[in-house]
Amino acid sequence: MKGSKAVGELKKLARDPLLLTVIILVIASLFVFIVYPLFQIGKVSFVNQSGEFSIDAYIRILSGSQLLTALTNSLVLALIVGTLSTIIAYTFAYTFAYMNVPFKKLFNGIAILPVISPPFVISLSAILLFGRQGFITKNLLGLENANIYGLNGLILVQTLSFFPIAFLVLAGLLRSISPALEEASQNMGASKLKTFMSVTLPLSIPGIANAFLLVFIQSLADFGNPMTIGGNYTTVAREIYLQAVGSYDMQAGSSLAMLLLFVTIVVYVIQKFWVGNRSYVTVTGKPTGGRRMIEKGPLRNIMFVICTLLSLTVITFYALVPIGSFIKLWGINNSFTLDHYTYVFSLGQKAIVDTFTLSIIATPIAGLLGMIIAFLIVRKSFIGKKTLEMVSMLSIAIPGTVLGIAYILSFNKAPLALTGTASIIIAAFVVRAIPVGIRSGVTALQQIDPSIEEASTNLGANQTKTFFGIVLPLIKPAFFSGLVNSFVKSMTAMSAVIFLISAKYNLITASILTQVESGRIGVASAYCTILIVIMIVALLFLNLLLSLFGGNYEKKQPKLKKHPKLEKQPTPQSVSM
Amino acid sequence: MKKWLNIGIIFVLVLSILAACGSESTGGSKEEGSKKEGNDPQGKLTVYVGFQEDHALEAMKQFTEDTGIEVDMIRMSGGEILAKIRAEKDNPQADVWYGGPADTFVAAVDEELLEAYKSPEADVIDDKFKDADGYWTGVYVGALGFATNKEFLEKNGLEAPTKWEDLLDPAYKGEIIMAHPGSSGTAYTILYTVLKVFGGEDKGFEYLEKLHPQVQQYTTSGSAPGRMVGMGEAGAGLLFAHDIIKYQEEGFDNIVLTIPEDGTGYETGAVGIIKGSKQAELAKKFVDWSLGTSAQEVGQRTGSYQNLTNPDAKEPEKAIRLDDINTIDYNPKEAGAERTRLIDKWDKEVNNK
């Protein structure tokens, strides 16, 4: 049965040359921008400084030096952060999808807030709040020798930075779970807890696994936070930077990168194996009623309190950034000043314009590409599909520093002489952003019964029309979160592009890093505040576009009106900013 | 309707794939553009700058004003510039490397990444601040200093440290911050200096071993210890005096700057021409300019208080005078050659013991 279906798909493919072209182009670009650079890095890891083949670097790492410690440290950290972030994200997402709580829109916005800021800003706030002179540790608690540097600080900062990614994945998923199953469970006498444990939770397992995987990998590849707040807790991404940039030892750096990739692939395969064979179809195209929200009860109150506390924490961390941008020197001279903005607007203009332009170009490419790949992965069978899926997810596991160096190594010669152009930065933006888009697309598609699409093709629509007419509208929330994610990631990308910036194209994050390093926290905060404002304005605009587009769409396709879920539930982003 | 949809889809796809593939065609045409510029002596110069951002921008402005030559520039740390130049070896993107410690330049010379050029302007510069073969020439010099937090000193009833041994006082346990020698040129200069001050590698490492328990953390960036002392996160930091002065200027007036009397090391910030530069003539003009007084006096206008290598240039008023302090005999060539071995040894015998 399955085999004949695959043959059928192949035949359909042959009849649809556009789809075939798309598959070939997608595979080709992934090959050029992910596989080939990785191959280059892999090659370098086996070549010593005199240009001969050697495995010395691997021996050096695995024989138990500081480099091995860095690897194990990173794994411990990523495991903790991944678990914590997923739990927090699930709590938030569940509350939004199942309960009527006050300030829902506000909570939603706050939950996504940490995404829109360069991560090491949270580290700086953490130092200001919990450091030795920290507002909380010293002024409120009266602690003398508080130590925020190290594992604890990293857990705090990374969880705050990365749980929104998990939230975006889980929010989309929980919203698309059909209430019919849960209602059936309750009608048959199951308690709310039982319903949750036996219906809702199992249905959300693919989302949980995806969310965990994304955070886990982000934590492994994070470079900004360990650099600011890691103290003596060495992590692998930072160690790669130290080896490649500090000790000029590219071989050791790339060997470490290869080991990191290996770990990520193993985790990915485990996740795939665990979730891969289950079916989670709940959107069938048949009409269902809207979900009855939990209006009161102790559970709702507890969740409300948890969300409030978490939101307050996030707000506290973020409030420091705009406040700091108007303060002369935090903790030393707390008088009001506009100097930092004068500096930014006189010297930082080019970086702001460049960052914005390049991100705007990268966003639709990454968003669309992510959905197309997700669609291909979930719905189509063709040769090389597994590889496509694997490769498209790989890019998130490559530490930015390594990706940057790999890009210069790979795209420095004709016919791919891209160094110094805008294209190379855009390519890096896209490659860094698509995994999240793909994951949320895949998660959303797994929930949708393919029979809707089959109906479309049976009625004579071709694959592309089906994709744009049926699939994309159905996974609109996932598509939109893909767009938001790529815009935001591009605006705040740091380690990947630090080697790709050129005299012609400079980026804000590189300027911020420079300012942080030279201790000008005020200027760095001013840059960040501007960055955040730009992003909020852009997201509001994006949101407006989406609602216009969505409105038109429903008029043309009255069929979808039977789907109350798609209309009644706003997308998480449409209410957020 | 169907037709329109298809056309629209094809359009979007072509557009996205063109851009996603990095638009080889536009990349190519840009390439041609820069080649054309290459044949024109009045083209643009591309410079990788290792200075602070505001200093870098101001310097480029001054250069264009003085010579009429347009410049594209990007600011990075010394190690990043080296990594970038190395990666771009087969297709150099920049012409000049301006600023950054001389030992990174020495590493670049070893890998044949630089072009030798003996500028006529370099004659006035002391031999110890330039490469004998002309691969790099010093533009500024910065000595190492101790940064201590005023409140910390008062609380412990200490005077600001004036000798390296002072840092071994029990009061400094867990209070000292310095960068990791593997990641920071500053920290490597500290390591090398200690070996010279204590008269040999064995004695020097003995001291470093005693210093290790006093150190709270090894940061990635060389100047970060100054910020941490200023914010009260640590009692004392080891970094370049001009960076300490810069922090004081930023408003951290609780930082006390002292220079070790028993000897201190220094870095030489250099300038060099990148091998394969398509603008060799303009690059030479840039080097000539960077050694002159106009270029060297830019720094003090933007809060960079390094000592200058051109004796005719007006030294920043706030800078520590090199003549007033006891500097060690710092040999960038030796420091560069011994770098990997010494850092490995430090990692094994001190950091991971």
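Colleague: Before we turn to the place where the two chains meet, what does it mean for two residues to be in contact?

Modeller: Two residues are in contact if their C-beta atoms, placed from the backbone, lie within 7 Å. Please keep in mind that this is a predicted model.

Colleague: With that cut-off, how many residues does each chain bring to the contact?

Modeller: Chain A contributes 64 residues and chain B contributes 63 residues. The size of an interface is often given as the accessible area lost when the parts come together, but here we count residues.

Colleague: Which elements of chain A supply the side that touches chain B?

Modeller: Several elements each supply at least two residues, among them helix H2 (17-45), helix H17 (349-379), helix H20 (422-446) and strand S1 (327-329) of chain A. By residue type, that side of chain A divides into 34 nonpolar, 22 polar and eight charged residues.

Colleague: How should I read a helix, and which residues of helix H5 in chain A are buried?

Modeller: An α-helix has 3.6 residues a turn, so residues three or four places apart point the same way. In helix H5 (residues 104-112) of chain A, the buried residues are A:Phe107, A:Asn108, A:Ile110, A:Ala111 and A:Ile112.

Colleague: What covers the buried residues of H5(A)?

Modeller: The cover includes three helices of chain A, namely helix H4 (66-98), helix H8 (151-176) and helix H15 (298-325).

Colleague: Let us move to a strand. Is strand S5 of chain B mostly covered or mostly uncovered?

Modeller: Strand S5 (residues 137-149) of chain B is mostly covered, with 13 of its 13 residues buried. To read a strand, one then looks for its partners.

Colleague: Which strands pair with S5(B), and in what sense?

Modeller: S5(B) runs antiparallel to strand S10 (residues 266-274) of chain B, to which six bridges join it; in that pairing, B:Gly138 has B:Ala270 as its bridge partner. Strand S11 (residues 307-308) of chain B is also antiparallel to S5(B), with two bridges, and there B:Tyr140 is partnered by B:Leu308. Five bridges link S5(B) with strand S8 (residues 236-240) of chain B in the antiparallel sense, where B:Leu144 stands opposite B:Phe240. Strand S9 (residues 255-258) of chain B pairs antiparallel with S5(B) over four bridges, and B:Phe146 faces B:Thr258.

Colleague: Finally, what is the mean pLDDT of chain A?

Modeller: The mean pLDDT of chain A is 78, and 86% of its residues reach 70 or more. Over residues 551-577 of chain A, however, the pLDDT is below 50, and this stretch has 36 contacts in the model beyond near neighbours in sequence.

Notes. Residues numbered from 1 in each chain as written. Chains lettered and ligands numbered in written order. Predicted model: local features only at pLDDT ≥ 70, side-chain atom pairs only at ≥ 80, totals over all residues. Nonpolar A, V, L, I, M, F, W, Y, C, P; charged D, E, K, R; others polar. Buried ≥ 20, exposed ≤ 12 C-beta atoms within 10 Å, placed from the backbone. Pairing = 2+ DSSP bridges. pLDDT = per-residue confidence, 0-100.
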